[in-house]
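Me: I would like to learn how to read a few features from this model. Please take them one at a time, with the rule and then the case.

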Amino acid sequence: MTKYQREASDLRFLDHDKRPEDQIARIDKQLHDVLNDGIDLEDNVRGALVEETITTESTKVFHGLGYVPKGFLIVRQEGEGMVWADRVSEWTTEDLYCKSNATSLKVAFFVL
């Protein structure tokens, strides 16, 4: 169990023997403690960071997530050009397809 999962499981929203103002203050403090320590992607998001060279041809990209991803976010790209999802209906639990308008564009993206 991660730190954030432990803290979230400690949240008790109703305590009938306390004043509502005290309950609100306690919940506010607990949420503040959890959120202000930062939200870690490992605790809150399933995904894979992938680096691949994308071309004008449909490029097969291995992600290995074990589920069909919803999409991806570009984290970094080296060079000018655009990247987009391709053959989305053919995405699998292991691979997805992308295309670019550049002949060779190195891209790091987060698949989710």
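Me: Which side chain of opposite charge is nearest to Asp86, and is Asp86 buried or exposed?

Reply: Two rules come first. Buried means under 20% relative accessible area, exposed means over 50%, and partly exposed lies in between, with a 1.4 Å probe and protein chains only. A salt bridge needs a side-chain nitrogen of Lys or Arg within 4 Å of a carboxyl oxygen of Asp or Glu. For charge, Lys and Arg count as positive and Asp and Glu as negative, while His and the chain ends are not counted. Asp86 is buried but has no salt bridge; Lys99, the nearest side chain of opposite charge, is 4.6 Å away.

Me: How far can I take such values?

Reply: This is a predicted model, where local features need pLDDT of at least 70 and side-chain atom pairs count only at pLDDT 80 or more, while totals for chains, interfaces and linings use all residues. Residues are numbered from 1 along each chain as its sequence is written, and side-chain values use heavy atoms, with hydrogens and water left out.

Me: What is Asp86 in contact with, leaving aside its neighbours within four places in sequence?

Reply: Contact means heavy atoms within 4.5 Å. By that rule, and with those neighbours set aside, Asp86 touches Ser58, Trp91, Tyr97, Cys98 and Lys99.

Me: In which strand is Asp86 found, and how is that strand paired?

Reply: Helices (H or I, at least four residues) and strands (E, at least two) are DSSP runs numbered from the N terminus. Two strands pair if DSSP finds at least two bridges between them. Asp86 belongs to strand 4, which is joined to strand 5 (residues 95-100) by four bridges in an antiparallel arrangement. Ala85 has Cys98 of strand 5 opposite.

Me: Which strands make up that open sheet, and in what order?

Reply: The order is 2-5-4, with antiparallel pairing. Strand 2 (59-62) and strand 4 (83-86) are the edges, each paired on one side only. On average, neighbouring strands here are turned by 45° against each other, direction ignored; the axes are lines fitted to C-alpha atoms, for helices over the stretch in contact, and angles run from 0 to 180 degrees between N-to-C directions. Strand 2 meets strand 5 over four bridges, again antiparallel, and Lys60 stands opposite Tyr97.

Me: What are the two faces of strand 2?

Reply: In a regular strand the side chains alternate between the two faces of the sheet. For strand 2, Thr59 and Val61 form the covered face, and Lys60 and Phe62 the uncovered one.

Me: How many salt bridges does the rule give?

Reply: The count is four. One of them is between Asp95 and Lys60 (3.7 Å, N to O), and the pair links distant parts of the chain, strand 5 and strand 2, 35 residues apart. Asp95 counts as buried because its relative accessibility is 15%, whereas Lys60, at 49%, counts as partly exposed. Another joins Arg87 to Glu90, with the closest N and O atoms 2.8 Å apart. Because its relative accessibility is 33%, Arg87 counts as partly exposed; Glu90 also counts as partly exposed, at 39%. Elsewhere, Glu51, Arg76 and Glu78 are joined into one network by salt bridges that share partners. Within it, Arg76 and Glu78 meet at 3.7 Å, N to O.

Me: Which residues touch the most other members of the largest nonpolar core?

Reply: In soluble globular proteins, nonpolar side chains tend to be buried together. A nonpolar core is a set of buried Ala, Val, Leu, Ile, Met, Phe, Trp, Tyr and Cys residues joined through side-chain atoms within 4.5 Å. The largest one here has 17 residues, and Cys98 and Phe109 touch the most other members. Strand 1 (48-54), strand 5 and strand 6 (105-111) each give two or more residues to this core, with strand 6 supplying the largest share, four residues. Leaving aside neighbours within four places in sequence, the contacts of Phe109 include Val61, Phe72, Leu96 and Cys98.

Me: In what order do the strands of the 1-6-3 sheet pair, and which are its edge strands?

Reply: That open sheet has three antiparallel strands in the order 1-6-3. Strand 1 and strand 3 (72-78) are its edges, and its neighbouring strands are turned by 25° on average, direction ignored. Strand 1 and strand 6 share seven bridges; Glu51 has Ala108 as its bridge partner in strand 6.
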